[in-house]
Amino acid sequence: MPHLWLRDNCGCGDCRIAQTDEKKFMVSSVRADLEPTSAELSDDQLRIVWPDGHRSTYQGKLLRAFGSTDEITWSSWPRDFTPYRCAYRPFLDDNPTAADAIVRFVADGAMILEQAPTEPGTLECLAPRLGPVREVLFDRIHDVAVDPSGYNVAHTPLPLPPHNDFASYTWPPSVQALHMLANETPGGESIIVDGWAVLKGLRAEHPDYFDVLRRVAVPFREFDEDTETFAVEPIVRCDAEDRIAGLRFSNQLMQAIDPNDPRAVDFYQAYRELCRRITDPASQVSFRLNGGEILVVAAHRVLHGRRAFEPDRRRHLQDAYFEFDNVKNQLVVLQRKGGPER
Ligand SMILES: [Fe+2]
Ligand SMILES: [Zn+2]
C-alpha cells in the first residue's frame with residue numbers, strides 16, 4: 001500500500017476533526033519518501049509507527065472494502081420502456097416511497113409523478129425531495145405555452161425535437177421537472193430519448209464519430225432582449241474513467257462552428273449521424289403527459305421533446321431545474337431514515 005496513502009488516511013483524533021469527521025492532517029506535512037518505522041499485522045489490524053512517533057491503526061475490514069462499489073448503474077431502456085410512475089403526494093410524504101422512486105430514477109433517468117396539483121408553482125414543492133431549485137436566467141419556474149413574444153421554439157406550437165435545456169450553460173441543469181398544468185390540445189405528445197443509449201450505440205459503431213463529438217467544442221446560445229446565455233462546450237462529455245457522463249444536445253440553441261476548423265468536415269459527419277439516431281422513432285419513447293403529471297428527467301442523459309399540437313385549446317406546462325447530485329445523495333439521507341438498502 002502507498003505509504004503516503006496510509007499516513008493520509010490515519011483515523012486518529014489528531015489527524016481528523018472529531019466534531020465533523022473531516023480530515024485535518026495535510027499530506028504535505030510529511031516527506032515524499034515517508035516510510036513506516038514499524039508495521040505490524042495482528043487481529044485483522046494494521047498498526048504502523050511513523051518516524052516522528054505518530055501511531056496509526058487501520059481495520060483490515062475497512063482496507064478491504066475499497067474497490068467495491070454501491071453505485072447504482074444505468075442501463076439502456078428496454079424496447080417497451082415507460083417511465084416509472086409514482087403518486088405525487090406519497091412521493092413527498094412517505095420516505096420509503098420516495099426512496100424507491102429515486103432508485104428507479106437514478107437507474108432509468110426518467111420518472112413521472114402523477115396526481116399532482118395543477119396549480120402554477122407546484123414544482124417549488126418538490127424541493128424537499130429533489131434539492132433546491134437550480135435557477136437559471138429567464139425565470140425560476142419557466143412557463144411553456146404558446147406565446148407570440150416567446151424567446152424559444154417551445155413557445156410556438158411547432159414540434160420540439162429532443163434536446164436538453166440550457167445547453168448554453170457550461171454546466172446545464174442536470175435534472176429537469178416538466179409539470180403539465182393543462183393539456184387540452186390535440187397532439188403535443190411528449191417524447192423522451194435515452195441519450196446515453198444513443199451515444200453507447202454510436203461509440204460502438206462509429207468510435208471516430210464519438211471521438212469528434214467529444215473533442216470539438218460547439219457554441220450554444222439562448223437569449224432574449226434582457227438575457228444572454230452562451231457556452232462553448234463539446235456535445236459529449238466522458239468522466240475520468242472514459243465512461244459517458246453527459247450529452248449536450250439542442251439543435252435549436254446550437255450556433256455555427258468555425259467552418260475553417262480542420263475538424264469541421266468530420267464534425268458534421270458525426271453530428272449528422274447523431275441527429276439521425278436521436279430523431280429515429282426507434283430511439284424515442286412517446287406518451288401523452290396529462291394535466292397533473294410531472295415528468296422528471298436526468299437532463300445530462302435524457303432528452304425531451306414534443307410533437308406539434310393544435311394551438312386552439314389550452315396547453316400549459318411549467319418547468320424547473322434541480323441537480324442530479326442532490327437527488328442521488330438524497331438516497332443516503334432517506335436510508336438513514338429507514339429507506340431501502342442501496
Ligand atoms: Fe426543453
Ligand atoms: Zn493520526
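Show the surface of the whole protein to begin: its accessible area comes to about 17,700 Å², of which 51% belongs to carbon and sulfur atoms, as given by the Shrake-Rupley method with a 1.4 Å probe, where for residues only the protein chains shown count as cover. The model is a predicted one, in which local features need pLDDT of at least 70 and side-chain atom pairs count only at pLDDT 80 or more, while totals for chains, interfaces and linings use all residues. Residues are numbered from 1 along each chain as its sequence is written, chains are lettered from A and ligands numbered from 1 in the order in which they are written, and side-chain values use heavy atoms, with hydrogens and water left out.

Switch next to a cartoon view, where nine helices and 19 strands make up the secondary structure; these are DSSP runs, helices being H or I with at least four residues and strands E with at least two, numbered from the N terminus. Of the 342 residues in the protein, 46% are buried (buried means under 20% relative accessible area, exposed over 50%, and partly exposed in between, with a 1.4 Å probe and protein chains only).

Now select the iron ion (ligand 1), whose protein donors are His163 (NE2), Asp165 (OD) and His304 (NE2), lying 2.1 to 2.2 Å from the ion. Donors are N, O and S atoms within 2.8 Å of the metal (3.2 Å for Na, K and Ca), and water is not among the atoms, so sites may look incomplete. Along the chain the donors follow the spacing H-x1-D-x138-H, and both His163 and Asp165 are buried.

Go on to Arg7 in helix α1 (residues 3-8), which is buried yet has no salt bridge, the nearest side chain of opposite charge, Asp52, being 5.1 Å away. A salt bridge needs a side-chain nitrogen of Lys or Arg within 4 Å of a carboxyl oxygen of Asp or Glu.

For comparison, select Arg104 and Asp108, whose side chains do meet in a salt bridge (3.5 Å, N to O). These two residues are separated by about one helical turn, because they stand four residues apart in helix α4 (residues 95-108).

Finally, move to helix α8 (residues 264-279), where Glu273 and Arg276 are three residues apart and form a salt bridge, with their closest N and O atoms 2.9 Å apart. Glu273 is buried, with a relative accessible area of 9%, whereas Arg276 is partly exposed at 39%. Add Glu205 and Arg277 to the selection, and you have one network of four residues, including Glu273 and Arg276, joined by salt bridges that share partners.

Notes:
Lys and Arg count as positive and Asp and Glu as negative; His and the chain ends are not counted.
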